[in-house]
Amino acid sequence: MEVIIRSTEEEGSLLAAKIIERQVRDKARSVLGLATGRTPLNLYKNLIRLHQERGLNFSQTVTFNLDEYVGLGPDNPNSYYSFMHENFFKHINIDLQNTHIPNGFDPDLRTACNRYEAQIKEAGGIDLQLLGLGSNGHIGFNEPTGSLMSRTWLKILSRQTMKDNATFFESPGQVPSHVITMGIGTILESEWCLLLAFGEGKAQAVTQMIEGPVTSICPASALQLHPRVTVILDEPSAAGLKLAHHYRWIDSQKLEWQRYD
Ligand code: GLP
C-alpha cells in the first residue's frame with residue numbers, strides 16, 4: 001500500500017482531488033467508484049471547485065457508487081442517491097445517465113445486485129475506486145466477518161455502523177438495518193483503490209487495515225492483497241501506525257513522476 005500522511009483532513013482531501021482530477025483529465029471516460037459518508041465531503045467540494053474554476057470536465061465520466069440503504073428511495077434525503085446528487089452530481093457537468101447507485105428500492109434486491117455487477121463489467125470495470133473506512137474497518141458496507149471474496153450483495157449492518165451513521169438521520173431508529181453494497185471481491189477488481197480516513201476515530205481501523213493481518217474481522221485489510229492502493233490519512237488517523245516514519249520517508253523519496261502534487 002502507498003500510505004500518504006498529511007497534516008490535516010483539508011490537505012488530504014485536496015490531494016485526493018488532485019489524484020481524481022488527473023485521472024479524469026488523462027482518461028475522459030474514466031469509470032470512478034464513489035463513496036458516501038462524511039469523509040469524502042471535502043473532496044467533492046474540491047472537485048466541484050476544480051470543475052467551476054478550472055474546467056474539469058466530467059461529461060464523459062462514468063460512476064458507480066459503493067452502496068445504498070435498502071428501502072430508501074431516491075426522494076428520501078437520507079438515501080445515498082440524494083447524498084450524491086446534493087453533494088456532487090448537481091454541481092458538475094456529469095451526464096446522470098452515466099451515474100449508477102445500487103437500487104435499494106428494487107422489489108427484487110438479489111437481481112438488482114447481480115445487475116449492478118453486470119453494469120460494472122459492461123462499463124469495462126472501475127478505473128479508480130474511492131473508499132472511506134468504517135470505524136470497525138468496513139469498506140462499502142462490508143461489515144466484519146463478511147466474505148473477502150464477496151460480490152455486490154445484501155448485508156445487515158452492525159450496531160456500531162448504525163450508531164456511527166445515526167447522526168445523518170433525525171433519530172437513531174430511522175437508520176435502515178439492511179443495505180446493498182459492492183462486495184470486497186468487486187472492490188478488489190478495481191484498477192486502483194484510493195482510501196481516505198481522517199480523524200482519531202479511524203486510527204484503530206487504519207492500523208488494523210495497514211499493519212494488521214488480512215482478516216475478515218477487518219474487511220479493509222483485504223486491500224493488502226490489491227496491487228495498487230493509495231491510502232491518504234491525516235495525523236490523527238495515522239496516530240496508531242508503528243511504521244509511520246517509514247511511510248513518510250517513502251513519500252519524501254518519490255520522484256517527480258511519482259508525485260501527485
Ligand atoms: C459508511 C459508508 C462507507 C463509508 C464509511 C465511513 O457507512 N457505507 O462507504 O466509507 O461508512 O463513513 P464516514 O466517512 O462518515 O466516517
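## Cysteines without partners

The sulfur of cysteine 218 is 14 Å from the closest cysteine sulfur, in cysteine 193, which is too far for a bond. A disulfide is a pair of cysteine sulfur atoms within 2.5 Å. The structure holds zero disulfides. Cysteine 113 is in no disulfide either; its nearest cysteine sulfur, in cysteine 193, is 19 Å away.

Are cysteine 113 and cysteine 218 buried or exposed? Cysteine 113 counts as buried, because its relative accessibility is 4%. Cysteine 218 is buried too, at 2% relative accessibility. Buried means under 20% relative accessible area, exposed over 50%, and partly exposed in between (1.4 Å probe, protein chains only).

## About the model

This is a predicted model: local features need pLDDT of at least 70, side-chain atom pairs count only at pLDDT 80 or more, and totals for chains, interfaces and linings use all residues. Residues are numbered from 1 along each chain as its sequence is written, and side-chain values use heavy atoms, with hydrogens and water left out.

## Around the ligand

How many residues surround the ligand? There are 13, and the closest are Arg38, Thr39, Asp67, Asn165 and Lys202. A residue is near the ligand if one of its heavy atoms lies within 4 Å of it. This shell has three nonpolar, seven polar and three charged residues. Ala, Val, Leu, Ile, Met, Phe, Trp, Tyr, Cys and Pro count as nonpolar, Asp, Glu, Lys and Arg as charged, and the others, Gly among them, as polar.

## Polar atoms and cover

Three side chains bring polar atoms to the ligand. In aspartate 67, an N or O atom is 2.8 Å from a ligand nitrogen. In asparagine 165, a polar atom lies 2.9 Å from a ligand oxygen. In lysine 202, an N or O atom is 2.7 Å from an oxygen of the ligand. The protein covers 96% of the 390 Å² of accessible area that the ligand has on its own (Shrake-Rupley method, 1.4 Å probe).

Technical notes:
A polar contact is a pair of N or O atoms within 3.5 Å; within protein, one must be able to donate a hydrogen and the other to accept it, and residues adjacent in sequence count only if both atoms are side-chain atoms.
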